[in-house]
Amino acid sequence: MTQPDFATLVSHWYREHARDLPWREPGVSPWAILVSEVMLQQTPVVRVVPAWQAWLARWPDPAALAADSPAEAIRMWGRLGYPRRAVRLRECAVAIVDRHGGQVPERLEQLLALPGVGTYTARAVATFAYGQRHPVVDTNVRRVVCRAVAGEPDAGAATRPADLVATEELLPAEPAAAALASAAFMELGAVICTARSPRCAACPVESVCAWRASGQEAPAGPTRRPQRYAGTDRQVRGLLLGVLRENTGPVPHQRLDQVWTDDVQRARALAGLVQDGLVEPVGTDAFRLTGDGPSLPTAELAT
C-alpha cells in the first residue's frame, strides 16, 4: 500500500460515513472552527455541540467576545470542564482583534502565537478552516497511524515529533485533499479504530492494517489511569465556580464556605482559581468571577 492509497481509502470512507457535526458544515467561519477545537479538548462531542452553538450565538466573531468580560466567558462556559479554556479563548479573541483586525489568521506561525493555541489547535485551524496541508495529530490520529502503519496496538501518552512526521507522510500533496484526509484520520480513530473496542470489520483499511496482520490484541486496560474527580480539588473548584457563576458581582466568603466542609482544601481550591485568573478578590471578604464588575483600585483589593 502506498501512502496516497491509505489517505484515499480513509477519505472515501469519510465522505460516506462522517458524523454530521455543525462545525463541519460548509461556510462555517474560522472563528467557529477555532472555538470548536478549544471546546473539544478533553470534552465529548455530545456536550460540546450545544455549548458551541450557544457560544457562537452570543459571540459570532472574535470582536464580540473581546468586547465582553472574562466573567461572562467563564459563566457561558458552564460545566464543560477545565474553565481556564474560556479565559484563554477570550484572551485569544482580544489578540486576534489587536493583531489581525478581528480575523483569525491563516499562517501557522501566527496561529501558534495566539494565547492558548498550541501545536494541535493551530494545525487544526489552519487545516480545517483554511484547507492547508498540515499533520493534525490528536489521540485518535496517533492511534490510527500507530496501528495501521507501525503495527503497534496503541500509541503513547503524548504526541511526539515523530508522530507529526509519520502522519504528514500519509497526507496527499494537494492541500485540499490533505485537509480532507486529516479530518478522515481523526474520524476513523474516533468511531472505528477506538482504543478498547475497535470495529475492525468496518474499517476501510483493515485489509492493509499492519496491526491486524500482526495478530496482536488491543490492550485490556486503559493506557492511562482515569483521573479521580470525587473529593479532589477539581471538584471543589467546580463547586466554587458554580456559586460564582450563578451570582453577578461579589459573593461573600461566608457563602463560599458552605460549598465544602474541609477548610484547608476549600481555601486551596479558591486560591488556585484566583491564581488561574478565573476568580478575583473583592475587598477583604468577597470574591467574584474575574472582570465581573468595575475594576477596583489596587489599594482597595489589598485592604
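In this predicted model, the protein splits into domain 1, covering residues 6-214, and domain 2, covering residues 233-289. The C-alpha centres of domain 1 and domain 2 sit 33 Å apart. Contact between the two involves 9 residues on the domain 1 side and 12 residues on the domain 2 side. As for area, domain 1 and domain 2 bury about 910 Å² between them, and carbon and sulfur atoms account for 56% of that. On the domain 1 side, Ile74, Arg75 and Arg79 do much of the work: this trio supplies 52% of the area that domain 1 buries against domain 2, more than any other three residues.

What kinds of polar link, then, turn up between the domains? Salt bridges don't feature, with a count of 0 between domain 1 and domain 2. Polar contacts do, with 4 residue pairs counted between the domains, both partners at pLDDT 80 or more. In terms of secondary structure, helices α5 (70-77) and α6 (84-100) each put at least two residues into the side of domain 1 that touches domain 2. The largest share of that side is from α5, at 3 residues. Sorted by class, the side of domain 1 facing domain 2 holds 5 nonpolar residues, 1 polar residue and 3 charged residues.

Zooming out to the protein as a whole, there are 16 helices and 3 strands. The C-alpha trace spans about 70 × 45 × 30 Å along its principal axes. Of the 303 residues, 46% count as buried. Looking at contacts with a sequence separation of 6 or more, 61% come from residues 24 or more positions apart.

Although salt bridges are missing between the domains, a search of the whole structure turns up 18 of them. One of these pairs Glu187 with Arg19, with the closest N and O atoms 2.8 Å apart. This pair links distant parts of the chain, 168 residues apart: Glu187 belongs to helix α11 (residues 175-191), while Arg19 is in the loop between α1 (3-17) and α2 (30-39). Are the two partners buried or exposed? Glu187 is buried because its relative accessible area is 0%, under the 20% cut-off. Arg19, at 31%, is partly exposed.

A second salt bridge brings together the side chains of Arg133 and Glu168, at 3.3 Å from N to O. Arg133 lies in the loop between α8 (119-128) and α9 (139-150), and Glu168 is in helix α10 (residues 161-168), so the pair ties together parts that are 35 residues apart in sequence. Here both ends show some surface: Arg133 is partly exposed, with a relative accessible area of 27%, and Glu168 is partly exposed too, at 34%.

Over in domain 2, which runs from 233 to 289, Arg266 and Asp257 form another salt bridge, their closest N and O atoms being 3.2 Å apart. Arg266 counts as buried at 10% relative accessibility, whereas Asp257 counts as partly exposed at 30%. Salt bridges also join up into a network that links Arg58, Asp68, Glu72, Arg75 and Asp292. Arg75 has already come up at the domain boundary, as one of the trio supplying 52% of the area that domain 1 buries against domain 2.

Arg288 is another arginine worth a look. This residue is found in strand β3 (residues 286-289), and its relative accessible area of 5% is under 20%, so Arg288 counts as buried. What does the side chain of Arg288 meet in a polar contact? The partner is the side chain of Glu280, at 2.6 Å.

Back in domain 1, Val205 gives a nonpolar counterpart. Val205 is found in the loop between α11 and α12 (210-214), and with a relative accessible area of 2% this valine is buried. Leaving out residues up to four places away in sequence, Val205 touches Phe6, Leu9, Val10 and Leu188. For Thr167, 38 residues from Val205 along the chain, the C-alpha separation from Val205 is 15 Å.

How values were computed. Residues numbered from 1 in each chain as written. Heavy atoms only, no water. Domains from an automatic or database assignment. Contact = heavy atoms within 4.5 Å. Buried area = accessible area lost by both parts, 1.4 Å probe. Salt bridge = Lys/Arg side-chain N within 4 Å of Asp/Glu carboxyl O. Polar contact = N/O pair within 3.5 Å; in protein donor to acceptor, adjacent residues only side chain to side chain. Helix = DSSP H or I, 4+ residues; strand = E, 2+ residues; numbered from the N terminus. Buried < 20%, exposed > 50% of the residue type's maximum accessible area, 1.4 Å probe, protein only.
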